Each structure stands twice: as structure tokens, then as C-alpha cells.
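Dear colleague,

I am handing over a structure that is new to you, and my notes on what was found in it follow below.

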Amino acid sequence: MTLSDGPVFVIGGSWSGGSNIPKDGELYDPNTRNWTLLPGTKVKPMMTADMEGAWRADNHGWFFGWKNQSVFQAGPSKAMNWYFTDGNCYVQGAGKRLDDDDSMSGNAVMFDAVKGKILTLGGSADYDKSWATNNAHIITLGEAGQEPTVELAAKYGTMHSERVFHTSVVLPDGKVFIAGGQTFGVAFNEENVQFVPEIYDPESDTFVEMQKNNFIRVYHSLSILLPDGRVLNGGGGLCSNCSANHYDAQIFTPPYLLTETGELRPRPQIISELPHEVQVGATLTFNTKGRVKDASLVRLCSATHTVNTDQRRIPLDLSPASSAIGYSYEIQLPEDSSIIIPGYWMLFVIDEEGVLSIAKTIMVTADKKDHRETVERPKELLGNPNDNEGDHGLFNFCWQYWKSTLITQILRRG
């Protein structure tokens, strides 16, 4: 997942040859194309108690880039954690999601990045051959390192349906679309399927069931928000030539685009050109065809294995601006790159009927650091950097990837 200053944080995940080496955190810098190991960002705190062991226990983490180059891990382990990637790299516990258990292959969506609001949905105690839950929680982040607030979603903390291997998407109006999944999760299996999607509305704090789907969407399926405000829901399987493969997709049209009789509503439009690239904190002025009430940004992203960690939504305040062409509005982007992380974003406007425009896409950039600060490590915790025994002291410092990779490869061969 992407950090507030641009690098990508990677941790955990299974690999060929088993899991005899801890898959601790590392960073990829897209500007220098370098990898840096962050051995203080240990994978162990985020592991579940999966019945298949370590190779399943650190999969599909729910991660969100936050303030001061921190990363919040909301799950799927019942324990939540803060990962700090700058200076002394370390992990700090962040409490639990109330009474929620491990929730492997569940979902987590940041539906309001300004308020630090995350919705968590379903999952199961084990990766495979495990019963799903319908558990739903709202996590509210504060400052990096602070224990977040956790509340039950929808009064009782439950969706309508138990789900694992499902997908979810934040919509431009702040609602969250949830699709597919199984009540008993088995990879590459098409039994115990949930066909009825639902939408979570944070304003009313309710889950509402939608029209039934007629295609199976379980393991390896995906859902992605499209620039026209609809949702692409497709795929599944990917198991060579087995019967669970789905090479098809459907498009879900949310209620905000439809009349009560199912006809498409007329849309508002952004009729002026926007700059291709803007800085964090920039002010944008644009004209619309007709009056609009709200605006929001939703980050372009990708999804795999129920995870879409860079997905987030930013509600924006609209202010009138003077213009002779149509209706003119002004918005200011958040000044904090931990809220509006660098990358491509879709700008939507929403009219008084709740109908949204087709998005305009902009690239948001942040001031780049010349280098990441490296703070001298505590000797009593990390040992002698010249020590080649024990935990290998060289691994305990944030140093350049090529050196660490060489040692890691030697250890694997042994």
C-alpha cells in the first residue's frame, strides 16, 4: 500500500518454499526504484492463528497509509497494529476490534479519509474451510500511534449476510457496496454462495440489501469503482481449468443513478478542463452544467484477494466561485498527504438529487523527500550490526535492499 510520501509498503504474503523466513516489512521507492528492508516492522504481530500455520497467517492484510509515514493495520488479525516506516522502524499494538475474531479474507474500506473512518466487513477465522461471519465495525483513526475508536456498525455490528471471499467498494457518496462471498469459505469452490449484495449507508448506519446477482463471485473475484460511478464486479477462480473459473464480469448500477422506475437519471457535468497534475493542498476551480451540492474524490486503485488497501474516499467542501460560464465552484484539496495520498484520483460532483457526474481524473503529488530519515537504532534492542550470528544484526536496521537480499538468498539455500 502507498504511504503519504509516495513509497509503497509491503509485508507478509506466502511464497514458494514455505514460510521459514519471516516476511517483515520493506519499502519500494518508485522514484529511485530501490527496495529497503524495514526489519523493525515485524510481521508476527499481524499474524492470525490460522489452522494451516504461518504461510496463511500473514496474508491479505488490511493496511492504510496514515500520518507521519505510518501504516495502520486494521486486520484481518483480531489484533490491530501501527507500523512506523520512518526513522526507527517498529510496530506498536493498537488494540482489538472489540470482540471480533481473526477475519481472514474479509474487507476493510476507508470511506471517509478526512475523519479517518474505516468499515470492516466479515471474514473467517481461517483462510480455508472456515465459517464466515457477518461482523461489521467502524474504526476511527486519530493521530499515528493512538489507539483508534472501534464501534459496532449498524447498531448490532452485523451485515445481513455472513461473507468471506467477498469484495467491497466505496462509492462517491460515502456508501459502501458489498458483493459476493461464501458462508463457508473454501478456495476454488462454488458452494454456500451469497448472491445478494448489500450497501452500507454511514448516514443512517444501516445495511440495505440490493437486487440479487445471478453470477457466482467468490474466491479471486473483484469489484472496482468505475469513473461513471458504477461498479465492475467480476472474475473468480483462476485455478487452471477447474469449473470455478469465471472469465466474465457485470456492472452494478447503484440506486443514486436510477429513478424509482429504474430509468437513468440525468447527470450533472463538470464542463471545464482540470489540470492533469496538482499538489496536495491545491485549490481547484471548475464549472458545472447545473447546480451541484457535494463533491468527493475517490482514489483509483486495484483489488486482489479481497484486498484493496489504497481505496479511499475524501468528501470535499464546495464554495461558490465567480464565473460567467454555467455554475462555478471552488474546492481545496486536503493539505495532509496522509489523507490524500499521492496518486490518481477521480473527482465527482453530486447534485441536489444525489445523482453524481462522470468523474474527472487528476494526479495528486506531494513534496518528495530527498531521503528518508534514518535514526540510530537502540543498541539494547537491536544488537551489534556487525554480529553475523543469532538474529543477524544486519537485518535489524533499515538498509538498502540489495545487501539484505544477498544475505536472505544465502539463508534460504541453507
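How much area does the chain expose, and what share of it do carbon and sulfur atoms supply? The chain exposes about 19,100 Å², and carbon and sulfur atoms supply 50% of it, with accessible areas taken from the Shrake-Rupley method with a 1.4 Å probe, where for residues only the protein chains shown count as cover.

Please keep in mind that this is a predicted model, in which local features need pLDDT of at least 70 and side-chain atom pairs count only at pLDDT 80 or more, while totals for chains, interfaces and linings use all residues. Residues are numbered from 1 along each chain as its sequence is written, and side-chain values use heavy atoms, with hydrogens and water left out.

Of the 414 residues in the chain, 53% are buried (under 20% relative accessible area, with exposed meaning over 50% and partly exposed in between, for a 1.4 Å probe and protein chains only).

On charged pairs, the count comes to 11 salt bridges, each being a side-chain nitrogen of Lys or Arg within 4 Å of a carboxyl oxygen of Asp or Glu. One of them joins Lys23 and Asp58, whose closest N and O atoms are 3.1 Å apart, and both of these residues are buried. Another is formed by Glu52 and Arg56, with the closest N and O atoms 3.9 Å apart; Glu52 counts as partly exposed because its relative accessibility is 32%, whereas Arg56, at 12%, counts as buried. Arg299 and Asp310 also form a salt bridge, at 3.3 Å between the closest N and O atoms.

With best regards
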